[in-house]
Amino acid sequence: MTRPAKRTTSQDVARAAGVSRTTVSFVLNDRPGLSIPEETRRRVLDAAKNLDYRPHASARALAAGRSDVVLLSVPDLPMGSGISRFVEELTAALATSGLTLVTHLAGTHGRPLPDVCASIDASAVLGLEPFDDEATQALRRAGADVVIPSSRMDPVSPTGLIGTLQAEHLIARGHRRIGYALPAQPRFRTMAQERLQSVMDACATAGVEPPLVMTTGLEIAGAAHAVAEWAEHSVTAVCAYNDETAIAVLAGMRETGLSAPADLAVIGADDIPTARLASPPLTTVCFDLHETGKQRAEAVVAGLAGREYTPPPATVAPRVVQRSST
């Protein structure tokens, strides 16, 4: 049986370059205020490249005073295209500052987030929803220098704004009797209830009746039943929890012989790639995920440098993408 190759160490680099380990550390960590002859620097860099040397994470952390690991806590939800795209954008934005993103799927059977933070020595922890004060303090005790967002940040939840925009869009188009499509999956319920509450608040502000709430999964029979109930109660437009639920509603409408928007206008959320391919193309609410990832990365970098970060105003606010379904 072949033994695995031994990890290359800084001592190996020092031996190959004919210098001390201290010199290797100074060169590879680019320590300021030190005068290293250019020829020595070149020998060290060439030796490190030839030996495929990669500094150990703990050594990098010791030299920098912190690790380069950022931990993202993802709720126990199916990894839809919206979350996946956000993770991709955040990963790329952090990488430009030399930071590495690690994701952790939160759930009842997983390790507590502070334990994960401590075990990987994360310098920053991000969440898709605000951490309360107790969680923030636990993460800081676990070693995180930056926790975003805390309960004192993001006073208006983006997920709540989605429901507000949905309802306001439909009301502005003359609809006075609105339905709401809740997802059948229990894991979506917390976020769905928040979006529903904002729809209810927008209806109350506009002086229209509260939405008629129906639950539907991603199957035609259940969606058709919900559509029939809305039709019976004179509902003319539906806010769906997300695009998948909205597309199920459109399928249920076809099953019952109704069409959008003539019989029932439908608006979704998240702007998944298939939304524009729905029949008819689906009106939805979307975020600029590239800008969102960039701003979260900038907030982390600023926090690690001890600086306050103020994002540009309204650059990542959700917006309605108007298509044929409304």
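Select β5 and β7 together: the two strands pair in the parallel sense over four bridges. The model on screen is predicted. Within this pairing, find A181 in β5; its bridge partner in β7 is A240.

Keep β5 selected and add β6. These strands also run parallel, joined by five bridges. To see one point of the pairing, pick P183, which stands opposite T216 in β6.

Now show the side chains of β5. I178, Y180 and L182 point one way, while G179, A181 and P183 point the other way, and all are buried. In a regular strand the side chains alternate between the two faces of the sheet. With six of its six residues buried, β5 is largely enclosed by the rest of the structure.

**The aromatic pair**

Next select F188 and Y241. What kind of aromatic pair do F188 and Y241 form? The count of aromatic pairs in the protein comes to one. F188 and Y241 form a tilted pair, with 5.3 Å from centre to centre and 45° between the planes. F188 lies in the loop between β5 (178-183) and α9 (189-206), and Y241 in the loop between β7 (237-240) and α11 (243-255), so the pair ties together parts that are 53 residues apart in sequence. Both F188 and Y241 are buried.

**Helix α10**

Move to α10, residues 220-232. This helix has 13 residues and reaches 18 Å from its first C-alpha to its last, close to the 18 Å expected at 1.5 Å a residue. Select A223, A224, A226, V227 and W230, which are buried. Look down the helix axis: the buried residues of α10 fall within an arc of 160°, so they line one face of the helix. An α-helix has 3.6 residues a turn, so residues three or four places apart point the same way.

What do the buried residues of α10 pack against? Show β5, β6 (212-216), β7 and α11, which are their packing partners. Then turn the view to the face of α10 directed away from the buried side, where the exposed residues A221 and E232 are found. Just after the helix, select S234, which takes a positive phi of about 65°.

**Strand β1 and its two neighbours**

Select residues 69-74, strand β1. The strand is mostly covered, with six of its six residues buried. Colour V69, L71 and S73 on one side and V70, L72 and V74 on the other; both faces are covered, and every one of these residues is buried.

Add residues 100-105, which form strand β2. β1 and β2 run parallel and are joined by six bridges. Pick V69 to find T100 of β2 opposite.

Then add residues 124-131, strand β3. β1 pairs with β3 in the parallel sense over four bridges. Here V70 stands opposite A124 in β3.

**T164 in helix α8**

Select T164, which is found in helix α8 (residues 158-172). Is T164 buried or partly exposed? T164 has a relative accessible area of 22%, and the cut-off for buried is under 20%, so T164 counts as partly exposed. Show the residues around T164: it touches S198 and A202, leaving aside residues up to four places away in sequence. For a distance label, use the C-alpha atoms of T164 and D201, which are separated by 7.6 Å although the residues are 37 apart along the chain.

**Helix α1**

Go to residues 10-17, helix α1. Select S10, V13, A14 and A17, which are buried. These residues cover an arc of only 100° around the axis, which puts them on the same side of α1. Show α2 (21-28) and α3 (38-50), which are included in what covers the buried residues of α1. On the face turned away from the buried side, select the exposed residues R15 and A16. The helix is followed by G18, whose phi is positive, near 75°.

**The whole chain**

Finally, clear the selection and show the full protein. Its secondary structure comes to 12 helices and 10 strands. Of its 326 residues, 43% count as buried. A surface display corresponds to about 17,000 Å² of exposed area, of which carbon and sulfur atoms supply 54%. Among contacts in the protein with a separation of 6 or more, 71% are between residues 24 or more positions apart.

Key: Residues numbered from 1 in each chain as written. Predicted model: local features only at pLDDT ≥ 70, side-chain atom pairs only at ≥ 80, totals over all residues. Heavy atoms only, no water. Buried < 20%, exposed > 50% of the residue type's maximum accessible area, 1.4 Å probe, protein only. Pairing = 2+ DSSP bridges. Contact = heavy atoms within 4.5 Å. Areas by Shrake-Rupley, 256 points an atom, 1.4 Å probe, with all protein chains shown as cover. Phe/Tyr/Trp six-rings, centres within 6.5 Å; stacked < 30°, edge-to-face > 60°. Expected span 1.5 Å × (residues − 1). Arc of directions from axis to C-beta.
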